[in-house]
Amino acid sequence: MNDIATSTTGGALRQLGATGPQVFPIALGCMGMSGMYGASDDAESIRTIHEALERGVTVLDTGDFYGMGRNELLVKRALDGRRHGALISVKFGALRGPDGSWLGMDNRPMAVKNALAHTLTRLGVDHVDIYRPARLDPQVPIEDTIGAIADLVKAGYVRHIGLSEMGVDTIRRAHAVHPIVDVQIEYSLITRGLEAKILPVLRELGIAVTAYGVLSRGLLSGSATTGASDFRARLPRFAGEAGERNRALVERMRAVAEARGVSPSQLAIAWVLAQGQDIVPVMGARTVVQLEEALSALGCGLREEEGRRLEEIAGEITGARYDAHAMGMLDSER
């Protein structure tokens with residue numbers, strides 16, 4: 001896909017699929033503003049969303065199960081009087097207990113429509129711009145789930161349909177029911193599984209990638225886990241000997257970045273941006289400082305030799321991106 005226009009901050013806009021909107025080349029992921037990575041500050045989160053919108057960011061990514069609804073309520077507060085120009089992307093389907101436990105998926109058509117009704121209420125809007133199942137529900141044909149969202153598109157409650165962590169067969173079947181504008185999937189220097197089979201199919205069908213985990217949940221930026229409430233402490237890449245080894249490898253990446261006078265985060269984001277105009281990194285910035293660093297990657301660029309060196313080091317990273325149970329839930333890994 002080619003650059004189509006230029007954002008107000010000078011970055012080239014990117015197209016979400018053949019039928020989707022033009023968007024700023026970096027999206028803001030809001031999940032970390034309501035838990036997952038430890039304590040967060042609502043006031044700072046709202047300032048970060050405001051700054052992102054002022055800098056031209058268009059897509060705000062949330063999920064109805066982030067903080068059991070608290071994240072959508074936070075986004076509502078941040079968008080008060082600022083809805084124009086903001087595109088809200090929402091994931092649904094994940095079930096959680098009152099203790100925060102994960103209970104599975106429910107992507108039945110009636111559940112899809114019920115979930116959206118509550119999302120619209122929490123967000124205080126009459127439609128969402130992109131609606132997507134967070135994971136495949138093995139008990140429900142993807143055609144039924146997408147058909148239900150297509151009904152919501154016809155009714156005006158949803159503008160576009162996306163997917164998340166889906167495999168090739170599921171993507172083709174979903175796209176046959178209704179055009180899919182993007183697939184949200186983890187993609188970074190050290191998570192490149194989509195390149196073998198998924199990315200070629202997405203490009204064949206004209207579907208974009210919204211890439212999360214661009215910094216591998218802070219591993220590539222040197223971020224440390226914050227305590228028991230930080231789910232990264234249970235991830236294979238952060239834990240035990242693998243975690244120690246990986247942190248040493250990240251220091252080698254830091255040396256490549258410092259030779260350019262930029263941060264490892266900037267180069268890691270620049271690497272993802274360089275992989276195609278159909279790829280939009282979703283950056284989980286929780287503070288204005290983190291947002292600024294992410295946006296500065298747009299002017300960073302990536303030199304060929306730097307890219308090769310980073311890929312060589314990244315190839316030595318060990319550990320899966322999730323634990324075995326979570327990996328087993330990913331249709332994209334089958």
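Here is a short chat between a trainee and a mentor about helix packing, nonpolar cores and one histidine in this predicted model.

Trainee: Before we start, what ground rules apply to this model?
Mentor: It's a predicted model, where local features need pLDDT of at least 70 and side-chain atom pairs count only at pLDDT 80 or more, while totals for chains, interfaces and linings use all residues. Residues are numbered from 1 along each chain as its sequence is written, and side-chain values use heavy atoms, with hydrogens and water left out.

Trainee: Okay, at what angle do helix α1 and helix α2 pack?
Mentor: Helices here are DSSP runs (H or I, at least four residues), numbered from the N terminus. α1 covers residues 42–54 and α2 residues 70–79, and their axes are 9 Å apart. Axes are lines fitted to C-alpha atoms over the stretch in contact, with angles from 0 to 180 degrees between N-to-C directions. For this pair the angle is about 55°.

Trainee: Which class does α5 against α6 fall into, roughly parallel or oblique?
Mentor: Helix α5 (residues 168–177) and helix α6 (residues 198–205) have axes 10 Å apart, at an angle of about 15°. Angles under 35 degrees count as roughly parallel, over 145 as roughly antiparallel, 65 to 115 as roughly perpendicular and the rest as oblique. So α5 and α6 are roughly parallel.

Trainee: Which residues of α5 make that contact?
Mentor: Contact means heavy atoms within 4.5 Å. On the α6 side you'll find Ile198, Val201, Leu202, Glu204 and Leu205. From α5 come Val168, Ile171, Arg172 and His175.

Trainee: Which helix gives the most to the largest nonpolar core?
Mentor: A nonpolar core is a set of buried Ala, Val, Leu, Ile, Met, Phe, Trp, Tyr and Cys residues joined through side-chain atoms within 4.5 Å. The largest one has 98 residues, and Leu28, Tyr131 and Ile269 touch the most other members. With seven residues, the top contributor is helix α8 (residues 264–273).

Trainee: And what does isoleucine 269 touch?
Mentor: Skip residues up to four places away in sequence. That leaves Ile26, Val214, Leu215, Met283, Ala294 and Ala297.

Trainee: Last one: is histidine 160 buried or exposed?
Mentor: Histidine 160 sits in strand β9 (residues 158–164), and beyond its neighbours within four places its contacts include Thr19, Asp129 and Tyr131. Buried means under 20% relative accessible area, exposed over 50%, and partly exposed in between (1.4 Å probe, protein chains only). Histidine 160 comes in at 19% relative accessibility, so it counts as buried.

Technical notes:
Helices (H or I, at least four residues) and strands (E, at least two) are DSSP runs, numbered from the N terminus.
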